[in-house]
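Got your viewer open? Here is a walk through one model, stop by stop, with something to select at each.

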Amino acid sequence: MIDFVKPSHVFLDCPAKDVDEALHFIADKAVDLGLGADADAIYKAFRAREDMGSTGMTDGFAIPHAMDPEIKETAVIVLKFADAPEWKTMDGQPVVYAIALLVPTDEGSGVHLEMLSKIARVLTHVNFRKEMESAEDAETIAEAVNKRLHD
């Protein structure tokens, strides 16, 4: 079983105050983790998607996603925010978590859409939301996301 989310890809108390800061944070961490080489290009890919429509969902979650040639491997990065950033959501509720999807262009839109669909389905599980609310460390968050991605 592949772990889509590694504890090293979970960042607690993210200080971002708005969606742009959150997307920059994700792009910078992607480079730090070796998932890409150009944080600015990765940020621009996330920003371009966000400009098509907010990735803020419901119940405190956002699912920013990007496909770009600067991304080296498909990965998921999870942020838990210190304070809710300004981010338009479907239900008007503040964003607590961002589950970000990064996909290399050469893997194609099929992989991108499949992973995006899986992440969106994760959010429908009431138990998942409860697990995330009670999670206090990166390992627990990674485990909760991975468990639901494999359902």
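Select K147 to begin: at 40% relative accessibility, K147 counts as partly exposed (buried means under 20% relative accessible area, exposed over 50%, partly exposed in between, with a 1.4 Å probe and protein chains only). Add E131, whose 22% relative accessibility also makes it partly exposed. The two side chains meet in a salt bridge, 2.9 Å from N to O; the term is for a side-chain nitrogen of Lys or Arg within 4 Å of a carboxyl oxygen of Asp or Glu. K147 sits in helix α5 (residues 138-149) and E131 in helix α4 (residues 126-134), so this pair ties together parts that are 16 residues apart in sequence. Helices here are DSSP runs of H or I with at least four residues, strands are E runs of at least two, and both are numbered from the N terminus.

A word on what you're looking at: this is a predicted model, in which local features need pLDDT of at least 70 and side-chain atom pairs count only at pLDDT 80 or more, while totals for chains, interfaces and linings use all residues. Residues are numbered from 1 along each chain as its sequence is written, and side-chain values use heavy atoms, with hydrogens and water left out.

Next, zoom out and colour by secondary structure. You should find five helices and five strands, running β-α-α-β-β-β-β-α-α-α along the sequence. The C-alpha trace spans about 35 × 35 × 25 Å along its principal axes. A compact globule of 151 residues would have a radius of gyration near 15 Å, and the 14 Å of this protein agrees; the radius is taken over C-alpha atoms, and the globule rule is 2.2 Å times the number of residues to the power 0.38. Buried residues make up 46% of the 151. If you like contact maps, take heavy atoms within 4.5 Å as a contact: among contacts between residues at least 6 apart in sequence, 69% join residues at least 24 apart.

Now show the charged side chains. The whole structure holds seven salt bridges. As background, side chains of opposite charge can pair when their charged atoms come close.

Pick K29 and D32 in helix α1 (residues 19-32): being three residues apart, they are separated by about one helical turn. Their side chains meet in a salt bridge at 4.0 Å, N to O. K29 is partly exposed, with a relative accessible area of 22%, whereas D32 is exposed at 58%.

Move to helix α2 (residues 39-52) and select K44 and D40, which are four residues apart and so about one helical turn from each other. The closest N and O atoms of their salt bridge are 3.1 Å apart. D40 is partly exposed, with 39% relative accessibility.

Stay in helix α2 for R47. Salt bridges that share partners join D20, R47 and D51 into one network. Is R47 buried or exposed? At 19% relative accessibility, R47 counts as buried. Leaving aside neighbours within four places in sequence, R47 is in contact with V19, D20 and L23.

Which buried residue has no salt bridge? Select D68, in strand β3 (residues 65-68): D68 is buried without one, and K44, the nearest side chain of opposite charge, is 9.7 Å away (Lys and Arg count as positive, Asp and Glu as negative; His and the chain ends are not counted). Not counting residues up to four places away in sequence, D68 touches A41, A45, V103, P104 and T105.

From there, go to I71, in the loop between β3 and β4 (75-81). I71 is buried, with a relative accessible area of 2%. Beyond residues up to four places away in sequence, the contacts of I71 are L35, G36, I42, A66, L102, V103 and P104. Try a distance label too: the C-alpha atoms of I71 and A45, 26 residues apart along the chain, are separated by 9.9 Å.

Last stop, the backbone torsions. D13 has a positive phi of about 55° although it is not a glycine; D13 lies in strand β1 (residues 10-14) and is exposed at 56% relative accessibility. D59 also has a positive phi, near 55°, and is a residue other than glycine. Look for D59 in the loop between α2 and β2 (61-62), where D59 counts as partly exposed at 44% relative accessibility.
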